[in-house]
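Q: I'm new to this structure and would like a close look at just one part of it. Please pick a spot and walk me through its surroundings.

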Amino acid sequence: MPSSLLGFTDVGTASSFGIRGGSFLIQVDGMYLSQFRAIVFQCILNQDVDGAPNCYARFNPASPDGKNGGLDFLRNGTSDENATFNAAGNNWEWHGVVSRTPVQAAAEGVDIDNTQGLFVRDRGGRFPVFRPGHAFYVSSTSAFTGSGFSETDQRRYWDATTFSYAAITPPLLRLGVKLGDFGVAIRNDDGNSEAFFYGDSGGQEKVGEVSTQVFQKLFPGNNQEGHPVTFIVFPGSGVNPPKPTEQKKEIRVRLWQCSQADNVSELIDVMASGQSYALFRGLANTPAIAQTRRNILNALITHGNWHFFRDRVYNIVPPGKTPDYIKWIEWAKRR
């Protein structure tokens with residue numbers, strides 16, 4: 001019987017930037033490894049600029065669909081990614097932009113953009129809150145910095161151009177990943193990697209939305225299309241408000257744990273394959289792309305301090321032929 005073993009379970013699929021489906025979510029559990037759990041998947045990155053001071057520029061009636069000097073289109077700060085700005089009123093809500101009704105704004109002493117008729121009033125009667133200078137609106141993230149700043153102060157939110165965060169979405173929420181949890185993103189073709197925390201959220205059935213800081217670390221040429229990125233995420237590894245100062249330590253501890261498994265080499269192959277675990281098992285004699293595997297391994301060595309790592313032989317038995325000792329362990333866990 002092995003001293004430690006990683007177990008793999010297919011737990012869903014998701015879409016990513018420009019691709020419908022194709023991101024296979026695999027849960028990794030540690031048998032004999034205390035509380036170890038991770039989610040791995042591959043996807044195409046999408047850039048999240050929320051929290052940046054210049055994220056959303058003031059609405060310009062002459063260019064309602066333009067960025068107007070901001071980093072993102074204003075419609076992306078609403079509940080409808082196809083939102084239009086109607087002088088007669090709107091049926092969407094502000095989500096990525098801090099907003100207030102005129103009564104709320106007066107009570108809090110903040111400036112709102114209610115001078116352009118109803119172009120930017122949402123269905124709740126709220127208008128976007130100005131940053132000082134009135135050139136940009138206050139852009140929010142789902143997690144706060146924990147600094148004690150008010151909800152209308154830009155410093156309350158994680159700046160996408162400064163902090164390495166990712167946006168949590170329903171496929172990951174259903175698997176127990178929460179705001180503040182940590183992970184590592186690894187570019188398959190060149191091995192560039194970046195650790196991050198979950199600091200924002202989205203409502204789509206997608207994965208791979210990351211802050212500008214992560215995006216530019218992996219794709220300084222802004223050419224992410226067609227270049228898969230492999231993620232390993234650790235549910236329960238962080239807290240909310242997030243603590244980036246704990247990121248390096250928490251990731252290192254969890255990666256060191258899984259490095260002790262007898263079949264840690266299987267984890268690397270699973271991550272490099274980009275397929276469901278069922279298909280990976282079915283194609284047991286077809287190796288992953290060698291360069292991708294080396295890049296993922298090198299990133300795990302770097303972030304996990306695997307100074308003495310060596311590949312280990314492991315067995316992939318035919319689907320449905322689970323070894324008796326694994327059946328016994330699973331039976332014991334259910335008792």
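A: Helices (H or I, at least four residues) and strands (E, at least two) are DSSP runs, numbered from the N terminus. With that in hand, let's go to Asp200, which sits in strand β9, residues 193-201. Keep in mind that this is a predicted model, where local features need pLDDT of at least 70 and side-chain atom pairs 80 or more, while totals for chains, interfaces and linings use all residues. Numbering starts from 1 along each chain as its sequence is written, and side-chain values use heavy atoms, with hydrogens and water left out.

Asp200 is buried (under 20% relative accessible area; over 50% is exposed, in between partly exposed; 1.4 Å probe, protein chains only). Even so, Asp200 has no salt bridge (a side-chain nitrogen of Lys or Arg within 4 Å of a carboxyl oxygen of Asp or Glu). Its nearest side chain of opposite charge (Lys and Arg positive, Asp and Glu negative; His and chain ends not counted) belongs to Arg156, 12 Å away.

So who does keep Asp200 company? Leaving out residues up to four places away in sequence, Asp200 is in contact (heavy atoms within 4.5 Å) with Asp48, Asp50, Thr141, Ser142, Tyr165, Ala166, Ala167, Ile168 and Leu179.

Let's hop over to Ala167, which lies in strand β7, residues 165-168. Ala167 has a relative accessible area of 4%, so it counts as buried too. Beyond four places in sequence, Ala167 touches Asp48, Tyr198, Asp200, Ser201 and Glu209. Ser211 is 44 residues from Ala167 along the chain, yet their C-alpha atoms are separated by 7.8 Å.

Strand β9 also takes us to the largest pocket, as one of the elements giving two or more residues to its lining, along with β4 (46-48), β5 (99-100) and α3 (212-218). A pocket, on a 1 Å grid over the protein atoms alone, is an open set of points with protein on both sides within 12 Å along at least five of seven lines; lining residues have an atom within 4 Å of a point. This pocket holds about 1300 Å³ of space, a volume being the space filled by probe spheres set on points joined across faces, edges and corners. Of its 48 lining residues, Asp50, Tyr56, Asp72, Asn76 and Glu209 are the closest to its centre. That ties back to our two residues: Asp50 is in contact with Asp200, and Glu209 touches Ala167. As for the elements, β4 gives the most to the lining, with 3 residues.

Methods: 1 Å grid on protein atoms, 1.4 Å probe; cavity = no way out; pocket = protein on both sides within 12 Å on 5 of 7 lines; lining within 4 Å.
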